[in-house]
Amino acid sequence: MAGLKVGVLISGRGSNLQALIDAAADPDFPAEIALVLSNKADAAGLARAAGAGIATAVVDHRGFPGDKPAFEAAMDARLRDAGVELVCLAGFMRLLSPWFVDAWRDWMINIHPSLLPAFKGLDTHQRALDAGVRVHGCTVHYVRSEMDVGPIIVQAAVPVLPDDDAHALAGRVLAQEHRAYPLAVRLIAEGRVRVENERVRVEGHAPDGASVLLNPAP
Ligand code: GRF
């Protein structure tokens, strides 16, 4: 592993973290995970990181009652100490303050389980079912201070099937998340992603957008 130093912020299960760990195990992958940082000591993703020999840290938000800036400053310090260049939010369940978002502007990305800008926030799969959409999916995007807003890097769509419940739909989307997140990190680490007027341009790929639209292929 070598290349762009990535810090992954988690709060729980860590299956997207696992997808990044697996991708980075390929010697040709242009990024390495320098730190996995959790706000919860019992996050299952911490064990995944430790199992892969990756440095971990816990900054528990409950240790900073009423002082969110101090919590975020502690996280920022851990990331800087580890030499992190790109922050990946992967199921990190705390809203970040504008100062932290600005400090990592265009160097912090998130994965969200919907085709943004539809279904920002929580319970995206049930809300997609309730809305009756035929197509759902996931988005990797740059982080801005408004929740689930920011320039879109990669999207992958999945069909919504007649007998789906939220669990079945979540599983279908999650399989695509595990493709989309490593792809976005790869493109950034290769230096191919630029933000222009709050839209992402990816250089060196087919003009039809093939490499940033996973499903359906253009
Ligand atoms: C994923 O669905 C991701 O899109 C959302 O939170 C979930 C995290 O899952 N932001 P995991 O911890 O990566 O398994």
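Helices here are DSSP runs of H or I at least four residues long, numbered from the N terminus, and that is where a name like α6 comes from. One more thing before the close-ups: this is a predicted model.

**View 1. The largest pocket and the residues around its centre.** Rolling a probe the size of a water molecule over the atoms shows where empty space is left. In the largest pocket, that space comes to about 940 Å³. Its lining is made up of 38 residues. If you want to find the centre, look for G91, F92, M93, I111 and P113, which lie nearest to it.

**View 2. Who builds the wall of the largest pocket?** Helix α6 gives the most to the lining, with 5 residues. At least two residues each come from α1 (15-24), β5 (108-112), α5 (124-131) and α6 (166-189). As for chemistry, the lining is a mix: 16 nonpolar, 15 polar and 7 charged residues.

**View 3. How α1 and α6 cross.** Two packed helices are described by the angle between their axes and the distance between the axes. For α1 and α6, the angle is about 50° and the axes are 9 Å apart. Angles from 35 up to 65 degrees fall outside the parallel and perpendicular ranges, so α1 and α6 count as oblique to each other. Their crossing is right-handed.

**View 4. Where α1 touches α6.** On the α1 side you'll spot S15, N16, A19, L20 and A23. They meet L174, E177, H178, Y181, P182 and V185 of α6. Sorted by type, the residues of this contact are 7 nonpolar, 3 polar and 1 charged.

Key
Residues are numbered from 1 along each chain as its sequence is written. This is a predicted model: local features need pLDDT of at least 70, side-chain atom pairs count only at pLDDT 80 or more; totals for chains, interfaces and linings use all residues. Side-chain values use heavy atoms; hydrogens and water are left out. On a 1 Å grid over the protein atoms alone, a cavity is a set of points where a 1.4 Å probe fits but cannot get out, and a pocket is an open set with protein on both sides within 12 Å along at least five of seven lines; lining residues have an atom within 4 Å of a point. Grid points are joined across faces, edges and corners, and a volume is the space filled by probe spheres set on the points. Ala, Val, Leu, Ile, Met, Phe, Trp, Tyr, Cys and Pro count as nonpolar, Asp, Glu, Lys and Arg as charged, and the others, Gly among them, as polar. Axes are lines fitted to C-alpha atoms, for helices over the stretch in contact, and angles run from 0 to 180 degrees between N-to-C directions. Angles under 35 degrees count as roughly parallel, over 145 as roughly antiparallel, 65 to 115 as roughly perpendicular and the rest as oblique. A crossing is left-handed if the near helix is turned anticlockwise from the far one by less than a right angle, and right-handed if clockwise. Contact means heavy atoms within 4.5 Å.
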